[in-house]
Amino acid sequence: MIATEKISIQKVSKSRLPEIDFSNIPFGKIYTDHMFLADYKEGEWQNFRIVPYGYMPISPATPALHYGQSIFEGMKAIKSKDGSAYVFRALDNWKRMNISAERMCMPYIPEELFMESLSALIELDRSWIPTAEGSSLYIRPFMYSADEYIGIRPSENFTFQIILCPVGSYYSTPVKVKIEKHYTRAVAGGTGFAKAGGNYGGAIYPAKMAQDKGYHQLVWTDGVEHKYIEESGTMNVMFVMDNTLITPALSDSILAGITRDSVLSLARHWGMKVEERRISVDELIAGLEKGIVTEAFGAGTAATIAHIELIGHEGKDYHLPPIEKREFSNRVYKELDAIKSGSQPDPFGWITKI
Ligand code: COI
């Protein structure tokens, strides 16, 4: 347990903020003035500090670099009309980070450490929260092994860190996806449900092959038969088929997306029929051919609600209805945005005000 006063704060001598062009913010390239770090040593979290954002010394022998012993989270903060920062579903990210930590043999992060460090850092860099429509402050907590040892064993030393970046949209246009039936993202018993760095690193090559053919992302299928839809590169996938919201049921090869859960909660709250179940590629393609798949979208923190305009499968592209006709995904996008910024009530208690 930490108390905020135990966090040492070393502020920058000159903020980089005036140099930033907020009218054109790319995703993930601009970082705020400060970052938070804590060390796990001798069985406890210690040395809580906020320092200027910058490069860090790291042992060349750390298992984080050699064996990918690293996990991360993604959250967003929005500046509300009263100037406070509203962080969306921080406690759910904290819980998921600990699920990832357990799978990757890393230490538990206490709620106080996660929430207090987050609040202290956002408090300090609050003026970096962009205000343009669709923009937000992306929060990236991460943890990695900090041992100096290249044998394989559970590590003893770790670093927990948080960096912040003002971001615009992750996908600037509706996305084109390709159903992947050769490469595999995750299998039963693997690390697919954890937000482990390696899950993403291993997906870059298959995704690049699809990108070379004009798609933005892959839709992964199960690693055994490549028959069932799993998730997309940076998000969960959802479809409106026959007026029902359908998404793959969670399993140990699918990330339990927090935006996914938010969309499902809103849909149920609105009385929409919702199904979390297996969706076969054949069922999806048949639905696209019959025209009963009226909406397809990705749901993720970075991606928010990303409309899918086209699905490629075995050399054929299936086009979906125009974005303006997508009643559910447009409504859910607007409602989530309104809850996140505090301009609509928060019936689910998702917001932490800083
Ligand atoms: C997020 O949506 O926050 C993610 O972690 C996706 C990321 C790999 C860009």
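**Exercise 1. A lysine with an annotation**

At which residue does UniProt place the feature "modified residue: N6-(pyridoxal phosphate)lysine"? Find this residue in the predicted model, and decide whether lysine 195 is buried or exposed.

*Solution.*
- Start with the record: the unreviewed UniProt entry puts this feature at Lys195.
- Next, look at the elements on either side. Lysine 195 sits in the loop that runs between strand S9 (175-180) and helix H4 (197-201).
- Now count neighbours. A residue is buried if 20 or more other C-beta atoms lie within 10 Å of its own. Lysine 195 has 25 other C-beta atoms within 10 Å, so lysine 195 is buried.
- Finally, ask who those partners are. Setting aside neighbours within four places in sequence, the contacts of lysine 195 are Ile71, Phe72, Glu73, Arg96, Ser100 and Leu255.

**Exercise 2. Around the ligand**

Which residues are around the ligand, and how many of them are nonpolar, polar and charged?

*Solution.*
- List the residues: Gly74, Tyr200, Thr234, Gly300, Thr301, Ala302 and Ala303 surround the ligand.
- Then sort them. The shell holds 3 nonpolar and 4 polar residues, and no charged ones. Remember that Gly counts as polar here.

**Exercise 3. Strand S2 and its partners**

In which sense does S2 pair with S3, and in which sense with S8?

*Solution.*
- Take S3 to begin with. Strand S2 (residues 34-41) pairs with strand S3 (residues 44-52) in the antiparallel sense, over 7 bridges.
- Pick out one bridge: methionine 35 is partnered by valine 51 in S3.
- Look at the turn. The hairpin of S2 and S3 has 2 residues between the strands, and glutamate 42 takes a positive phi near 45° there.
- Turn to S8 (residues 158-167): S2 pairs with this strand in the antiparallel sense too, over 5 bridges. Here phenylalanine 36 stands opposite isoleucine 162.

**Exercise 4. Where two domains touch**

How many residues of domain 1 are in contact with domain 2, and which element gives the most to that side of domain 1?

*Solution.*
- Set the bounds: domain 1 covers 4-169 and domain 2 covers 175-340. Their C-alpha centres are 27 Å apart.
- Count the contacts: 21 residues of domain 1 are in contact with 12 residues of domain 2.
- Name the elements. Strand S4 (70-72), strand S5 (75-79), strand S6 (85-88) and helix H2 (90-103) each give two or more residues to the side of domain 1 that touches domain 2. H2 gives the most, with 6 residues.
- Sort that side of domain 1 by type: 10 residues are nonpolar, 5 polar and 6 charged.

Note on methods:
Residues numbered from 1 in each chain as written. Predicted model: local features only at pLDDT ≥ 70, side-chain atom pairs only at ≥ 80, totals over all residues. Pairing = 2+ DSSP bridges. Helix = DSSP H or I, 4+ residues; strand = E, 2+ residues; numbered from the N terminus. UniProt positions renumbered as here; feature names shortened; annotations may be inferred. Buried ≥ 20, exposed ≤ 12 C-beta atoms within 10 Å, placed from the backbone. Contact = placed C-beta atoms within 7 Å. Domains from an automatic or database assignment.
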